[in-house]
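Q: I am new to this structure and would like a close look at one part of it. Please take me through it slowly, and then on to related places.

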Amino acid sequence: MIADMPRGGPDASCLDRLLQTNRQEYLDRDDIGDDVKRGIVAALDRVGTMFREHDRNAELVLREVADIVDPKILELGAGHGALSRTVLEQHPTAHVTVSDVNSESVAAMAASDLGDHPRASVRTIDATAIDAADGEFDLAVFALSFHHLNPTQAAQALAEGTRVAKAMLVIDLPRMPSPLHIAKLAIMAPLVWWPFAHDGLISSLRSYSPSALRALGSHADLDVDVSTNPFDRQVLVARRRT
């Protein structure tokens, strides 16, 4: 059953199976105030700018649509919208639908420059049930938030993303080998009083391994290509089987 699959994948070791949690990040909890959530999203944006994550993720997006003159791109789980903003800056004819399931994040993006951009549309969209026609987009992208989804939801998101777009690009945190993962958690644990660090620790425990991503793609009957760097990012490109 895909619902019971460990975050480390069907072949996860006993130790790796212990290094996961069902505990939610603050961003996903209804009992956490919007001010705390806004602070986490703002910190994610600042860190992404500092380490050029927005630029590097935009490069991956633009690589996937390099042969398309006026690409239509759907960003899911956008949060702060920095990736879509960067794509619009770097591609003069791209049209981007930037979305999130969180209404607070959507309202903030709509009130920013994205809300007035002639090539952008800001929408509330659930990645597991996308309100769009089949093949409406050239690419769907889910960057640095795929780990928020449980395995059932993740498989649904892959199926939906490849239904509404010709391909789906997932960029997310890597799942480190267990010894490195333990060391990382030990470093992060003393900082859990800080909401950003709290969510970072939970994200690490909820991240998927390459084996898990391939299993999710197989469950959704997709062709998937996965590449990973345990010290950087994990990238999945999924397409419907022909």
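Which residue forms a salt bridge with arginine 241, and how far apart are the closest N and O atoms?

A: In this predicted model, the partner of arginine 241 is aspartate 223, and the closest N and O atoms of this salt bridge are 3.4 Å apart. The pair links distant parts of the chain, since arginine 241 sits in the segment after strand 7 (234–240) while aspartate 223 belongs to strand 6, 18 residues apart. Arginine 241 counts as partly exposed, at 41% relative accessibility, and aspartate 223 likewise counts as partly exposed, at 42%; both values fall in the range between the 20% limit for buried and the 50% limit for exposed.

The start of strand 6 also brings us to aspartate 221, which is placed in the loop between helix 10 (210–219) and strand 6 (222–228). Most residues other than glycine have a negative phi. Aspartate 221, although it is not a glycine, has a positive phi of about 60 degrees, and this residue is partly exposed, with a relative accessible area of 45%. Leucine 144 is another residue that is not a glycine and yet has a positive phi of about 60 degrees. The place of leucine 144 is in the loop between strand 4 (137–143) and helix 7 (151–164), where leucine 144 is partly exposed, with a relative accessible area of 30%.

Strand 4 leads back to salt bridges, of which the count comes to 15. One of them joins the side chains of aspartate 138 and lysine 166, at 3.2 Å from N to O. Aspartate 138 lies in strand 4 and lysine 166 in strand 5 (residues 165–172), so this pair ties together parts that are 28 residues apart in sequence. The two partners differ in their surroundings: aspartate 138 is buried, with a relative accessible area of 13%, whereas lysine 166 counts as exposed, at 57% relative accessibility.

A salt bridge between helices can be set beside this one, for the side chains of aspartate 113 and arginine 85 meet at 3.0 Å, N to O. Here aspartate 113 lies in helix 6 (residues 113–116) and arginine 85 in helix 4 (residues 82–90), so the parts that the pair ties together are 28 residues apart in sequence. Aspartate 113 is partly exposed, with a relative accessible area of 43%. Finally, salt bridges can also join into a network, as they do where Arg52, Asp55 and Glu59 are linked.

Methods. Residues are numbered from 1 along each chain as its sequence is written. This is a predicted model: local features need pLDDT of at least 70, side-chain atom pairs count only at pLDDT 80 or more; totals for chains, interfaces and linings use all residues. Side-chain values use heavy atoms; hydrogens and water are left out. Helices (H or I, at least four residues) and strands (E, at least two) are DSSP runs, numbered from the N terminus. Buried means under 20% relative accessible area, exposed over 50%, partly exposed in between (1.4 Å probe, protein chains only). A salt bridge is a side-chain nitrogen of Lys or Arg within 4 Å of a carboxyl oxygen of Asp or Glu.
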